[in-house]
Amino acid sequence: MINVTKTYLPDFDQYVSYLRKIWDKALLTNNGPLAQELEQSLKEYLKVDHLYFCGNGTIVLQMALKLLDEPGEIITTPFSYVATTNVILWENCTPVFVDIDPQTYCIDPNLIEASITEKTRAILATHVYGNACDVEAIENIARKHNLTVIYDGAHAFGAVLNGRSLLSYGDFSTCSFHATKLFHTVEGGVIIANDAKWHEKLHLLRAFGHRGDDYYFVGINGKNSEIHAAMGLCNLPLVPELIAARKAVCDVYTELLDWSHLESPHWVEGLVRNYAYYPVIFESEDKMLAVRDVLVKNDIIPRRYFYPSLNKLPFLKDAAPCPVSENISLRVLCLPLHAELPHEDVGRIAELINQNL
Ligand SMILES: *Cc1c(COP(=O)(O)O)cnc(C)c1O
């Protein structure tokens, strides 16, 4: 079977050597030496001054929302993974969906201002598929209306925009290190805050809001473990190779697929891509479903990612329509992509798709 993704596993003996260090110290969690080492390495790789290695890519979004002065309306994208909307609801805020740009599939900045009210607190946007949101336009709007900008950068690891890590933009950027992501720690995530005033607060927020006997505010358990940090330390040095191997897979798809019947996102100028996903948009939902059937019959499992458009989630009431996102959601498939996917398989997948367009 060829799945949409396959978790990269590092050298087993290298991982075991980290496990031996953990066993020797008998320190398994609570900001241990490997978690600190991983944070240091991530800071160097991403070229950011402060970041916090946390339990997953969802809790870090909750932590960012928790730092708002009060709950309210959060302007957000309908074209993302459900976690982006869930965290807003979980933190007792109201998601206000703003449609996406038909080229980049990221939130359309031209539509944001019309949705701002006196209850708006933040903009939570996703760098979808590792493409970049219009960070400049979003920052200008946020400054003008005194809003916090949070980027769900779960897809953005390794992507660089105008010479800076895509995860360095916004008031807060988060990433997921889940096993299905480009860089993973089995489960894990990270939050980056640009303003130094949040650094100490995030450190405390992640660990129940206290240091020793001093209790500051309501915190949460956002920590991650030494066992997970060890996986990250094995995988991080391999990221450039993994991205190069993914790029090679993507290049084969791009060369072979029949673009007279397919579309792909327009990758923004100034972006060095990370090749995290390979989305293709079919002419209609019927055509997409027909191709998916053929692929599945051949033991090839693509993914409807993202479907449905999040404004159509069954548990939401009164969400604004988002015609562009709804339309793309119906027609998109993410094709199998991982660093070790044989190019012959890519060729076979492309041929099966082309034959059924
Ligand atoms: C994977 C993902 C998340 C959630 O990350 P977890 O680490 O699984 O909690 C959030 N947002 C987006 C866009 C994602 O793809």
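**Note on the predicted model: ligand site, cores and loop geometry**

1. Sixteen residues surround the ligand, and among these 16 the nearest are Gly-57, Thr-58, Asp-152, Ser-176 and Lys-181. The structure under review is a predicted model, and the points below should be read accordingly.

2. Polar contacts to the ligand involve both backbone and side-chain atoms of the protein. At Gly-57, a backbone N or O atom is 2.7 Å from a ligand oxygen atom. The side chain of Asp-152 places an N or O atom 2.7 Å from a nitrogen atom of the ligand, while that of His-155 has an N or O atom 2.9 Å from a ligand oxygen atom. Taken alone, the ligand has 380 Å² of accessible area, of which the protein covers 92%.

3. The largest nonpolar core comprises 91 residues, and the members that touch the most others are Tyr-129, Phe-157 and Ile-353. Helix H8 (residues 239-256) is the greatest contributor to this core, with six residues. Because domain 1 (12-237) and domain 2 (238-355) both supply residues, the core lies between them. In general, nonpolar side chains tend to be buried together in soluble globular proteins.

4. Ile-353 deserves separate mention. Leaving aside residues up to four places away in sequence, Ile-353 touches Leu-257, Leu-262, Phe-282, Val-291, Leu-295 and Leu-335. A second core, separate from the one above, has 23 residues, including Cys-54, Met-63, Cys-93 and Ala-193.

5. Helix H4 (residues 82-90) has Ala-83, Thr-84, Thr-85, Val-87 and Ile-88 as its buried residues. Their cover includes helix H3 (59-66) together with strands S3 (73-76), S4 (94-97), S5 (120-126) and S6 (148-152). After H4 comes Asn-92, which has a positive phi near 60°.

6. Two cis peptide bonds should be checked in the loop between strand S15 (300-301) and helix H10 (323-331), where Phe-306 and Pro-308 are located. The bond from Tyr-305 to Phe-306 is cis, with omega near 20°. The bond from Tyr-307 to Pro-308 is also cis, with omega near 0°.

7. Two aspartates have positive phi values. Asp-299, in the loop between helix H9 (285-297) and S15, has a phi of about 65°. Asp-318, in the loop between S15 and H10, has a phi near 60°. How exposed is each? Asp-299 has 42% relative accessibility and therefore counts as partly exposed, whereas Asp-318, at 79%, counts as exposed, the cut-off for exposed being over 50%.

Key. Residues are numbered from 1 along each chain as its sequence is written. This is a predicted model: local features need pLDDT of at least 70, side-chain atom pairs count only at pLDDT 80 or more; totals for chains, interfaces and linings use all residues. Side-chain values use heavy atoms; hydrogens and water are left out. A nonpolar core is a set of buried Ala, Val, Leu, Ile, Met, Phe, Trp, Tyr and Cys residues joined through side-chain atoms within 4.5 Å. Buried means under 20% relative accessible area, exposed over 50%, partly exposed in between (1.4 Å probe, protein chains only). Helices (H or I, at least four residues) and strands (E, at least two) are DSSP runs, numbered from the N terminus. Domain bounds come from an automatic or database domain assignment. Contact means heavy atoms within 4.5 Å. A residue is near a molecule or strand if one of its heavy atoms lies within 4 Å of it. A polar contact is a pair of N or O atoms within 3.5 Å; within protein, one must be able to donate a hydrogen and the other to accept it, and residues adjacent in sequence count only if both atoms are side-chain atoms. Accessible areas come from the Shrake-Rupley method with a 1.4 Å probe; for residues, only the protein chains shown count as cover.
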